[in-house]
Amino acid sequence: MKTLNIGILAHVDAGKTSLTERLLHAVGVIDDLGSVDDGTTRTDSMVLERQRGITIRSAVASFVVDGVTVNLIDTPGHPDFIAEVERVLDLLDGVVLVVSAVEGVQAQTRVLMRTLQRLRLPTLIFINKIDRAGADPDRVLRDLAARLTPAVVATGAVHGAGTPAARCVPHPDTDPGFTRRLLDLLTAHDDALLTEYVEDERRLTGRRLRRVLAAQTRQAPVHPVFAGSAITGAGVAPLIAGLTELLPMAEDGADGPPSGTVFKVQRSPSGERIAYVRLFGGTVRVRDRLPVGAGRLATVTGIEVFDRGSTVRDDAVGAGRIALLRGLGDVRIGDPVGAARRTVDVTSTGGGTVATCGAKGSSGSSEASRRTQRDIVAAGLAETLNACGADVRPGLVLAGRGEAGTHPGVARSARSAEGIPAIHGGGGGQWARQSHSHGTFDKSMSSTAGDFRNLTPLVLVETLRRAGTRVEEPMHRFRLEIPGDALSAVLPVLARLDAVPHATLARGSSYVVEGDVPARRVHAVQQRLPTLTRGEGIFESTFDHHRPVHGEPPTRPRSDHDPTDRKEYLLAVARRVTARRGER
């Protein structure tokens, strides 16, 4: 059986999860429609997802259409969880991008579309909520062409937009207007088709153009647009038909060596890690020993595959499928399973950050939004690890590079060395003690916690000095897209936040500003943009380089003993340590 792995992507609140629920209902996987508001949808399984009505983690559902197994991956729409979307993209055969018929193209929509275009990932667009008051699918279609890509074509006509009776009627092959629009779009990407049109226009029938549309959609230069309502079900049947007609199937490589990628990890009630794996080649069987991650071998102890809305146990899984594998041990997201495959850089942020400055606040980068993200992390830890009272605090950027760890006395004294990055540890205090043969405490023969506290900053600073260590801070390369009339307000704020623009380019009615900003200032930039840009700004940043930190060099802290001769002090400590070793 052929397999098609597709993702549902959207700006937050565009109706992505509701569309997933409607698709599952339309193909007979579920009998009753769930509701996002009621927390009863199939793919939002986390307690927090159901409480807040948002998707946090990618979820998989499966159904069969015309003999094709379709694995449907519902991804988060909130920009705070863009990383969850990015790690899925390289696993997909195609995408359905959902846009609201009321709100239209939003900031997150543009971020997603730009990434999909760079990856050349086949994409269908679904204009949702045509039954909502204020819906204007024609305006949204023009908006798609103007703000996303001109290579779009509507596959049907919407009647009764903005009313509960709204419906979308597919264009027939004999519709001359539809045929003309297809010709204009398809010939722009196919010189041979253009030549054929010039030589004999009559050969290009509506049916022939449909086949060319399917071929170009699979290659990703064009994007068919569907319209409907996830709530009423209008327009969903043509979309389902379009999945198998227009998107490419997974290639069958079952005869080669097993090769897959982990894109999600969850824990069973017993704490066992269960890996969600997209298999690109070969076949994995129970009891197979496979390389996982950096060359570690693991034995597959169990396999579950998605089948008609649920998971079922199986003895093997072949190329193109998504499976839950048990027995992979300490597996992590992104780990290769079996033979490593050449991957595509799917991240639009390069491990950095994306802020879509939504005016409504639901997708903005306000402090309230960031607190919500931290709350979700804390609640996720509590739910997954049964950890109560998790305290997740705002991130902190430390100057310098490297990491170290030691026991508490040394850690505390290292923190006291001005200009040295903090070394975070935990635990109780220290108890200076000699061997049992000593009846009383003799400091002259023992090294105490105070000795370590006094010695550590001296040795640490001297070691760093001899190594030629420089104190540097991480810098991000940023890209900021803003309305044209906001430029004069944004540039001074960037300057005050130590951001240095390198290029400012006009793009129609917008400006694109590119430059560098210290990592410690990224959050502050995100906080200021929603107000300055009326929620229309798109801020992307990724780590780029380190730059030296200039200023007065750190001074050596004075110890409790206040030694005037550092060499003598070090020798004294060394003698006491040597004497104690001799006693042993």
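How are helix 8 and helix 9 oriented to each other, roughly parallel or roughly perpendicular? Their axes come within 9 Å and cross at roughly 75°, so helix 8 and helix 9 are roughly perpendicular to each other. Angles of 65 to 115 degrees get that label, while those under 35 count as roughly parallel, those over 145 as roughly antiparallel and the rest as oblique. Axes here are lines fitted to C-alpha atoms, for helices over the stretch in contact, with angles running from 0 to 180 degrees between N-to-C directions. Helices (H or I, at least four residues) and strands (E, at least two) are DSSP runs numbered from the N terminus.

The model is a predicted one, in which local features need pLDDT of at least 70 and side-chain atom pairs count only at pLDDT 80 or more, whereas totals for chains, interfaces and linings use all residues. Residues are numbered from 1 along each chain as its sequence is written, and side-chain values use heavy atoms, with hydrogens and water left out.

Back to helix 8 (residues 206-219): L213, A214, T217 and R218 contact T244, E245 and L246 of helix 9, contact meaning heavy atoms within 4.5 Å. That set splits into three nonpolar, two polar and two charged residues. For this count, Ala, Val, Leu, Ile, Met, Phe, Trp, Tyr, Cys and Pro are nonpolar, Asp, Glu, Lys and Arg are charged, and the others, Gly among them, are polar.

Helix 9 (residues 236-246) also packs on helix 1 (residues 16-26), at about 85° and with the axes 11 Å apart. That makes helix 1 roughly perpendicular to helix 9. Here L19, R22, L23 and A26 of helix 1 meet V236, L239 and I240 of helix 9, and the mix is six nonpolar, no polar and one charged.

Several of these names come back in the largest nonpolar core, which has 42 residues; L19, L23, F63, V96, L239 and L243 have the most contacts inside it. Such a core is a set of buried Ala, Val, Leu, Ile, Met, Phe, Trp, Tyr and Cys residues joined through side-chain atoms within 4.5 Å. Buried means under 20% relative accessible area, exposed over 50% and partly exposed in between, using a 1.4 Å probe and protein chains only. Not counting residues up to four places away in sequence, L23 touches I8, L72, V236, L239 and I240. A second, separate core of 37 residues includes L97, V102, M113 and L144.

Two strand residues are worth a look together. T123 lies in strand 5 (residues 123-128) and is buried at 0% relative accessibility; H223, in strand 9 (residues 223-227), is buried too, at 3%. Neighbours within four places aside, T123 contacts V95, L97, L116, V222, H223 and P224. On the same basis, H223 is in contact with M113, T123, I125, T149, A151, V152 and V153. A side-chain polar atom of T123 also sits 2.8 Å from the backbone oxygen of L121.

Elsewhere, helix 6 (residues 176-187) and helix 7 (residues 191-199) pack at about 135°, with axes 8 Å apart, and are therefore oblique to each other. R180, L183, L186 and T187 of helix 6 meet L193, L194 and Y197 of helix 7.

Finally, L487 in helix 13 (residues 487-496) is buried, at 15% relative accessibility. L487 and L532 are 45 residues apart in sequence and 9.0 Å apart in space, C-alpha to C-alpha.

Key. A polar contact is a pair of N or O atoms within 3.5 Å; within protein, one must be able to donate a hydrogen and the other to accept it, and residues adjacent in sequence count only if both atoms are side-chain atoms.
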